[in-house]
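Q: I am new to this structure and would like to go through it step by step. Could we begin with the sheet?

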Amino acid sequence: MKIKDVPQDDDGFLEEGKVRDMCYAVDEDGNYKQVLSIGWNPKNEAMKLALQLVNEQVEKTKQQVIEGKLSPIAYYMEKCIMDVKLVSQYTGIPKRKIRKHLNPDVFIKLNPAEIEIYAKVFNISNTDLMDIEKIKNL
Amino acid sequence: MKIDFKHKQSAHCENGVTSNLLHFYNIPLSEPMVFGIGAGLFFSYIPFIKLNFIPVTSFRPLPGFIFKRVTRRLGIKTKRFKYSNPEQAMKEMDALLEKGTPVGMLVGVFYLSYFPKEFRFHFNAHNLVVFGKEDNTYSISDPVMENVETLTYEELTKVRFAKGTYPPKGRMYYISEVPQKIDLKEAIVKGIKHACKDMLTIPIPLFGIKGIRYIAKRLKNWPNKYGDKKASLYLGQVIRMLEEIGTGGAGFRFIYAAFLQESADVLEQPWLLDVSKEMTAVGDKWREFAYLAARTFKKRGTEISTYSQLSDLLFKIADQEEAIFRKLKIISL
């Protein structure tokens, strides 16, 4: 790849002055140089494809939470691209118990300490985790 | 307390950490040099191991190998640690910083606050260097970032003890002893020989050139076997591994070409310049593959023929890379 061919296809993923891709490309004399790139369409597309799949799953779960079929834990779990196993590893709560907490009826009976453990893993506040109205608007 | 540590951005995190740490100890090796001596070029396709439900494709050896090989080949002594107790991991790191030692470590990127949001997957093999602490805040040299970043005590603890696949468990490492004189030439030759061995002779069809041919063969049937959606997903993943932050373009092939170019000078063996050019050409082919692949999955593979085109392209790449490593194999001082 020549320096002039290093793509600069900005798709909002990277940010100049913060993080860009370091590419290696050859100059006119054939010598390798480092060049920063803000992105390249094929890989932006690959990125979008991966994100789209995550988002589809998040949307699906969101509807189920709004319909009262699942607790907010299910929504934030999907949003953090986690599964029950990973949430269990982060919280120390057994998987079997977490599966129960996905049930909205069990969820509302959780004590504040348990809510806090989950909220911390999802990087949100306790009140946000409890607030289904908020999820509707996310 | 802040150590006088020079942060330099690089394509790949492990190369960058290694190169920056070596610079600190007055061994100024570039990123391509580190990558080449560490035999960082590789290929593997392991369809029966899945990460996020997608088969594993990789263009590099396992995390940690580059640092280990480079320091060993240069006769540099290192220390490495792993912890079960986060407090102890932080305390021992603090003690090292206090003594003026920059510390490299493995972290998970999901909770890495300064990382762009879209890149914060559960990936646990990211490397960075901690080189200072003021109050509750650490100075971080993260090789993929353009500038020095900071993390609080709590944030750093969280990323050092990320969970999931291959948890970092507070792993950290530093350089403990540097020899008076290093033998760069010999290290380069060993690094090249190692890469040749990895690419040509592993007797399992998933690795090296054989691995490229293996995925080429399988990829042709992805749309029939898995359906369009899954085939697109698999293809997307290959591109991401090929071009994601850290490869310098074309799955490290350009960095390796840069390494060969630099080595031609150091070893005074101009024939390596020609091989470097061939490597650049292969890199361009890989880019062509990524370009074609993206077009294929964007269309959601309405034309099956493109998958066989992609497969043909990979076979060509495999042939070219095989020729390159057969040439490199005979290298000596």
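A: Certainly. This is a predicted model. Chain B holds an open sheet of 6 strands in the order S3-S8-S4-S5-S6-S7, with antiparallel pairing.

Q: Which strands are at the edges of it?

A: The edge strands are S3 (77-81) and S7 (149-152) of chain B, each of which pairs on one side only. On average, neighbouring strands of the sheet are turned by 35 degrees against each other, direction ignored.

Q: How many bridges join S4 and S5 of chain B?

A: S4 (residues 103-107) and S5 (residues 126-134) of chain B pair in the antiparallel sense over 5 bridges. Val103(B) stands opposite Val130(B) in S5(B).

Q: And which helix packs on the sheet?

A: Helix H5 (residues 153-160) of chain B does, touching S4, S6 (137-141) and S7 of chain B. The direction of H5 makes about 90 degrees with that of S7(B).

Q: Changing topic: how many residues of chain B are in contact with chain A?

A: 37 residues of chain B are in contact with 30 residues of chain A. On the chain B side, the largest share, 10 residues, comes from H10(B). That side divides into 17 nonpolar, 11 polar and 9 charged residues.

Q: Now chain A. At what angle do the axes of H1 and H2 cross?

A: The axes of H1 (residues 41-66) and H2 (residues 72-79) of chain A cross at roughly 170 degrees and come within 9 Å. H1(A) is therefore roughly antiparallel to H2(A).

Q: Which residues meet there?

A: Among them, Gln57(A) and Val65(A) in H1(A), and Pro72(A) and Tyr75(A) in H2(A). By class, this contact has 5 nonpolar, 3 polar and 3 charged residues.

Definitions and conventions. Residues are numbered from 1 along each chain as its sequence is written. Chains are lettered from A and ligands numbered from 1 in the order in which they are written. This is a predicted model: local features need pLDDT of at least 70, side-chain atom pairs count only at pLDDT 80 or more; totals for chains, interfaces and linings use all residues. Axes are lines fitted to C-alpha atoms, for helices over the stretch in contact, and angles run from 0 to 180 degrees between N-to-C directions. Helices (H or I, at least four residues) and strands (E, at least two) are DSSP runs, numbered from the N terminus. Angles under 35 degrees count as roughly parallel, over 145 as roughly antiparallel, 65 to 115 as roughly perpendicular and the rest as oblique. Two residues are in contact if their C-beta atoms, placed from the backbone, lie within 7 Å. Ala, Val, Leu, Ile, Met, Phe, Trp, Tyr, Cys and Pro count as nonpolar, Asp, Glu, Lys and Arg as charged, and the others, Gly among them, as polar. Two strands pair if DSSP finds at least two bridges between them.
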